[in-house]
Amino acid sequence: MFVKCISAATCIACFLYTFYILCNLTYFLSAPDESKEMLISSREDESIDSTLWLLTVNMSLLSIFMLQHSLMATDFVKHLFCKLHMEYMERSIYNFVSAMTLHLLFNKWQNISSVVLWNVNTSSNNVLWFTFTALHVLAWLIIYSGCLMMDISELAGIKQVYYKFSFRPSPTVMKSKELLRYYSHMRHPSFTGFLIILWIYPYMTLDRLLLATIFTVYMALMWTIDKEDYNYHATLVKRKQRELF
C-alpha cells in the first residue's frame, strides 16, 4: 500500500510539474514580448566575444535538453527501469527530467540582439498581431490535439501507474505493432506545428535563430516517419473523427 501511495503521488507530482513547464514552454516560444524591440535597439553594440559567449551558453542549454531527451529514450534506460522493477514509472520520470531541462533552458536563456534577421512591430499593427497570434494558436492546437489523439494519459505516464496497481498488463503490450512502430519514429506530433512556432515569430534575433535552427535539425533527425507510418496515422485520424463526430 505504501509503494502504491508513493508511486501515485510521484506520478501526480511529475504530471503537474510537466504541465506547468509546458505552459511556460508555450509562453517562452509564442508570447509576444513588446520589450524585445527595445532590447534589440539597446544591445546592438554587443561585442563579438560577448556574442560568442552568449551563443555558447545557449548552445549548452540546448545540448543538455537534447542529450537528456534522447538518452533517456534509449532501450538501455528502459531496460534499467525494468531491472529495478520500476518500468511503470519510466514515463513519468522521463517527463519530469525533460521538464527540468526545459526549466533550466527558460531560466538561463540569453537574449542576443546584436544580429537581427527581421523585426516586425506587432504592437502598433493589429492585423500583424492577429496574424502571428492566430498562427501560433493554430500550431499549438495541432500539437496538443495530436497528443490527445495518440493517448494523452500514456504520454503523461498516468496510465502506466494505474495499470500497474490495477493488475493489468503494461499499455504497450496491448498496442499493435503498427502503433509501436509509429511511436518509435515519431513520439511527439507535430513537426509542422513546431516549425510554425519556431520560425514565424516577429523578432528573429540571433538567439531565436539558434533555437529555431537547432530544434528543427533535431526534430528532422529524430522524427523518421515513412509512408507506412503516414498511412497508419491517416487511418487513426479517420477513426478518431468517426468516434468524436
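**Terms and values in a predicted model**

Colleague: The charged end of Arg208 is placed over the ring of Tyr201, 3.9 Å from the ring centre. What makes this a charge that sits over a ring?

Modeller: This is a predicted model, in which local features need pLDDT of at least 70 and side-chain atom pairs count only at pLDDT 80 or more, while totals for chains, interfaces and linings use all residues. Residues are numbered from 1 along each chain as its sequence is written, and side-chain values use heavy atoms, with hydrogens and water left out. A charge sits over a ring if NZ of Lys or CZ of Arg is within 6 Å of the ring centre and within 35 degrees of the ring normal. For Arg208 and Tyr201 the distance is 3.9 Å, which is within the 6 Å limit.

Colleague: Why is Tyr201 called buried?

Modeller: A residue is buried under 20% relative accessible area, exposed over 50% and partly exposed in between (1.4 Å probe, protein chains only). Tyr201 has 2% relative accessibility, so the residue counts as buried. Tyr201 lies in the loop between helix H9 (191-199) and strand S2 (203-205). The C-alpha atoms of Tyr201 and Val120 are 8.4 Å apart, although 81 residues separate the two along the chain.

Colleague: How many helices and strands does the protein chain have?

Modeller: There are 11 helices and 2 strands. Helices (H or I, at least four residues) and strands (E, at least two) are DSSP runs, numbered from the N terminus. Along the sequence their order is α-α-α-α-α-β-α-α-α-α-β-α-α. Of the 245 residues in the chain, 38% are buried.

Colleague: How do you know that the span of helix H10 agrees with its 17 residues?

Modeller: The expected span is 1.5 Å times one less than the number of residues. For H10 (residues 206-222) this gives 24 Å, and the end C-alpha atoms are 24 Å apart, so the two agree. Helix H5, with 19 residues, should span 27 Å and has its end C-alpha atoms 27 Å apart, which likewise agrees. Buried residues of H10 include Arg208, Leu210, Leu211 and Ile214; those of H5 include Tyr94, Leu102, Leu105 and Phe106.

Colleague: What makes Tyr17 and Phe96 a tilted aromatic pair?

Modeller: Rings of Phe, Tyr and Trp (its six-membered ring) pair if their centres lie within 6.5 Å; planes under 30 degrees apart count as stacked, over 60 as edge-to-face and the rest as tilted. By this rule there are 8 aromatic pairs. The centres of Tyr17 and Phe96 are 5.2 Å apart and their planes differ by 50 degrees, so the rings pair and the pair is tilted. The pair joins distant parts of the chain, with Tyr17 in helix H1 (residues 2-30) and Phe96 in helix H5 (residues 90-108), 79 residues apart. Phe96 is partly exposed because its relative accessible area is 30%. Ring pairs also link Phe28, Phe106 and Trp109 into a cluster.

Colleague: How do you know that Cys11 is in no disulfide?

Modeller: A disulfide is a pair of cysteine sulfur atoms within 2.5 Å. A search of the whole structure finds 0 of them. The nearest cysteine sulfur to Cys11 belongs to Cys14 and is 6.9 Å away, so the 2.5 Å limit is not met. Cys11 is buried, as its relative accessible area is 4%, whereas Cys5, at 44%, is partly exposed.

Colleague: What is Tyr88 in contact with, leaving aside its neighbours within four places in sequence?

Modeller: Contact means heavy atoms within 4.5 Å. The residues that meet this include Val3, Ser7, Gly157 and Phe165. Tyr88 and Gly157 are 69 residues apart in sequence, with 7.8 Å between their C-alpha atoms. Tyr88 is in the loop between helix H4 (75-83) and H5, and at 10% relative accessibility the residue is buried.

Colleague: Why is His85 called exposed?

Modeller: His85 has a relative accessible area of 62%, and therefore counts as exposed. This residue also lies in the loop between H4 and H5. Its phi is near 60 degrees, a positive value in a residue other than glycine. Most residues other than glycine have a negative phi.
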